[in-house]
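Here is a friendly walk through a few local features, meant to be read with the sequence and the structure side by side.

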Amino acid sequence: MKVLVAVKRTIDPNVKVRVKSDQTGVETANVKMAMNPFCEIAVEEAVRMKEAGSANEVVAVSAGADKAQETLRTALAMGADRAVHIVTEAELQPLAVARLLKVIADEEQPGLVIMGKQAIDDDSNQTGQMLAALLGWPQATFASEIEFKDGTADVTREIDGGLETLNVNLPAVVTTDLRLNEPRYASLPNIMKAKKKPIDRREADALGVDISPRLAIHKVEEPPKREAGIKVADVAELVAKLRDDAKVIG
Amino acid sequence: MVQTYSAPLRDMRFVLNELLDVGEIAALPGYEDATPDVIDAMIEEGAKLCENTLLPLNRPADEEGCHYENGVVRTPQGYKEAYKTFVDAGWTGVTLSPDYGGKGLPQLISMVFDEMVCSTNLAFGVYPLLTNGAAAVIELHAAEALKQAYLPRLGDGTWSGTMCLTEPHCGTDLGLIRTKAVPTDEGRYAISGTKIFISAGEHDLTENIVHLVLAKLPDAPPGVRGISLFLVPKRTLKEDGTAGPANGVSCGSIEEKMGIHGSATCVMHFDEAEGYLIGKPHKGLRCMFTMMNGARLGVGLQGLGLGETAYQSATAYAKDRRQGRGLKGAEEPEASADPIIVHPDVRRMLLNQRAINEGARALAYWTALQLDISRSHEDASVREDADELVQLMTPIIKAFFTDYGFEATNLAVQVHGGHGYIREHGMEQLVRDARISQIYEGANGIQALDLVGRKLPRRAGRYLRHFFHPAVAFIEENKDDPELADIVGPVGKALGKLQTATLVIAQRGLGDPEEAGAAASDYLRMFGLVAVGYMWCQMAKCARDKQNGDAFYDTKLKTARFYVQKVLPDSAGLFLKIMAGKGAVMAHGAEEF
């Protein structure tokens, strides 16, 4: 089975994000970038599938500017076999990415598309679901465990209040949650090998899909600063404050 | 808040790609694949390992320490898993030749990575440091059969290595060692004796431990001319090359130490243990110096690594801790107090750490690049020049970096105040861990003697000229640049004084070696300050040329000025001390102490 794994370049999760002074977005100039942590988990799972024999080829794909190539190199260094880079300078929103990925999925005909459940920059949590809809494939999101049998996959999902296990027919789209696995560090020999693995450059404009943004961002602000707490004299005052000031109880 | 560290990748990249040309590496034969993008990817991946795996282990392992029971040593909880992660990520055998299963990568990559390991878990780093050193000695000096038998498993981390020099009655003066090597029928040797202070002598990270042991053959000439080097495995090898039965090697106890609690410091007993000669009889010390020279650079990086963590931790605290108000009035009037970073004295401490860290990093990577050139360049004369420069810089990097690294950790405690002195924040651990780096691999006083007694006179001052010539030329070329004059000028003056001090020490030392001895430590420190000053001149020029609105370059120039105005002037005091000669040092009779 061929596995297609989608990865996104985002701000490094350890970087403290700052809002641009004109409030149009967050500052990315001179900020450390890295592979989205959920995507790392997806790559790790795909590579483990290959190591376990349930997959025979892992293809990484990313959409974005030239620098996205570095993220694909990381995926290759972790163990992906080859990569597809959909090159565009345009702003990409989830539907646009899903449409681009559909083109690649149609060409590659993978048995499984695996990707992060969301990216830590915009936290949209939409691309996987949209891609499944566009492809007309089953989807299993928030995976914490995946098992393959007889052309289907048992996917354990983390849902409110517990775990749910779905059985999906393949091909399918699976999105990964944090507890699915712990991604490896790319090893030195694999970093060397990654350099020689092919990255296929595809111009987004040539893929024949509409990637124009559907959503407009009006303003980006820092979350409000946490205010100092206050002491209350008794439970009655606490209840009153929760009801009248915080308005969190009726 | 505990130890804060994120790998200073931006600064590392500045040194590697902007100040130096790391592309030179890929031009060296054998390193064609080590292109700048590959080096960058490796360092970034190494940074993740250090930040996410080694750093979280640093504090708990310090509290727990190693355990000894009936000859068995257990490393702190989490070490085994971290070691496996380290091995899986391929950070063993980094520079070892691919002929013996190594990765054949340049020293530079290894040294950049080592800096990050030292920043995040010095005690853990001791194990691979020694393995790399042992493998280097075997690769360079051992017979082919020994190389084939031992290097692949040292290279892949299955086995680890040690260096066994010190004995209960002798450390610095190895001519006094008593460990014996008696030839046996099969061309092997029976090794008997006791070695102390053996880092990683016994532990549970690897299935076999390869000891490199200094011992004396029955016909050994007295003193250092009679020392031979032997490979003594903890377990001898089976026919198939895997670790077999126990050899006569045992661990008698482990030391309770001031710091690096995760590193097992062992008393090792050799009881007619089977050993194999490395190199020629009685020439063992020379072979061991291969290990020691590499290890000395590695220990120098420990000073730099800890200095970096000290700086980052102190900075995070100084921005977070609110006490009192700025001296010119409240800077953040809406808050109950200002962060302590508003204070000139706190800034003085932070910038002292930072200015030396960044300058030392440049000096270390420059030296590492020379090390690779010295080993792999096609032109023999280029190799020789680079090797001589590395030899000159080795005692400076070892002693200067570790002295300042220790000072940097102390400053981190000071910035934290009482919170630095208690254990919780991990600052006092940095001080305790840093302290050993000034002692092992040749105490810093010995490094100073090495510089003054061996490196200065070597080839009529030729080693020195490898540093002085390019430094003088650079200063001449740039001293009239109006934007750089205030940086280059003072470094030029300090360099001039260093040359004067060099001549004076050489002249006085010729007639009276105690003159050289009395000046040695001050001279080494002065040399270090000037060498780092030379690095700051080059960094300032590079930053000035690149200024493009990126705040990094503006900050670099500010830090260069801090170094020149607030750190470098110490060299003037050292100059006066050197010029004063040995008189006041040697005036007391021993009974007056």
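## The end of helix α2 in chain A

Right after α2(A) comes A:G79, and its phi is positive, near 140 degrees. Keep in mind as you look that this is a predicted model.

The helix that leads up to this glycine, α2 of chain A, covers residues 68-78. Among its buried residues are A:A68, A:T71, A:L72 and A:A75. A:L76, A:A77 and A:M78 are buried as well.

## Salt bridges that span the sequence

Side chains of opposite charge can pair when their charged atoms come close. Over all chains, the count comes to 65 salt bridges. Three of them, in chain B, are worth a visit.

Start with B:E18 and B:K546, whose side chains form a salt bridge at 3.5 Å, N to O. This pair links distant parts of the chain, 528 residues apart: B:E18 sits in helix α1 (residues 9-19) of chain B, and B:K546 in helix α16 (residues 513-546) of chain B. B:K546 counts as partly exposed because its relative accessibility is 34%, and partly exposed is the range between under 20% (buried) and over 50% (exposed).

Next, look at B:E308 and B:R361, which meet in a salt bridge of 2.8 Å, N to O. B:E308 belongs to helix α8 of chain B and B:R361 to helix α9 (residues 344-376) of chain B, so this bridge ties together parts that are 53 residues apart in sequence. Are these two partners buried or exposed? B:E308 is buried, with a relative accessible area of 5%, and B:R361 is buried too, with a relative accessible area of 1%.

The third pair is B:E384 with B:R459, where the closest N and O atoms are 2.7 Å apart. Since B:E384 lies in helix α10 (residues 380-416) of chain B and B:R459 in the loop between α13 (444-455) and α14 (462-478) of chain B, the pair ties together parts that are 75 residues apart in sequence. Both partners count as partly exposed: B:E384 has 35% relative accessibility, and B:R459 has 41%.

## A network of charges

Which residues are linked with B:E308 and B:R361 in a network of salt bridges? The other members are B:D11, B:E115, B:R354, B:E358 and B:K556.

## A positive patch on the surface

Now turn to the surface, where B:R225, B:K280, B:K283 and B:R286 gather in a patch of positive charge. One of these, B:R286, is placed in helix α8 (residues 284-320) of chain B. B:R286 counts as exposed because its relative accessibility is 69%, and the cut-off for exposed is over 50%.

## Two buried residues of helix α5

Helix α5 of chain B, residues 107-120, holds B:S110, and B:Q107 has its place in helix α5 of chain B too. B:S110 is buried, with a relative accessible area of 8%, and B:Q107 is buried with a relative accessible area of 14%.

What does each of them touch? Leaving aside its neighbours within four places in sequence, B:S110 is in contact with B:V94 and B:T95. B:Q107 also touches B:T95, along with B:A368, B:L371, B:D372 and B:R375, again not counting residues up to four places away in sequence.

Methods: Residues are numbered from 1 along each chain as its sequence is written. Chains are lettered from A and ligands numbered from 1 in the order in which they are written. This is a predicted model: local features need pLDDT of at least 70, side-chain atom pairs count only at pLDDT 80 or more; totals for chains, interfaces and linings use all residues. Side-chain values use heavy atoms; hydrogens and water are left out. Patches are made of residues with over 30% relative accessible area and no salt bridge: like charges are joined within 9 Å, nonpolar side chains (Val, Leu, Ile, Met, Phe, Trp, Tyr) within 5 Å. Accessible areas come from the Shrake-Rupley method with a 1.4 Å probe; for residues, only the protein chains shown count as cover. A salt bridge is a side-chain nitrogen of Lys or Arg within 4 Å of a carboxyl oxygen of Asp or Glu. Lys and Arg count as positive and Asp and Glu as negative; His and the chain ends are not counted. The place of a charge is taken as NZ of Lys, CZ of Arg, CG of Asp or CD of Glu. Helices (H or I, at least four residues) and strands (E, at least two) are DSSP runs, numbered from the N terminus. Buried means under 20% relative accessible area, exposed over 50%, partly exposed in between (1.4 Å probe, protein chains only). Contact means heavy atoms within 4.5 Å.
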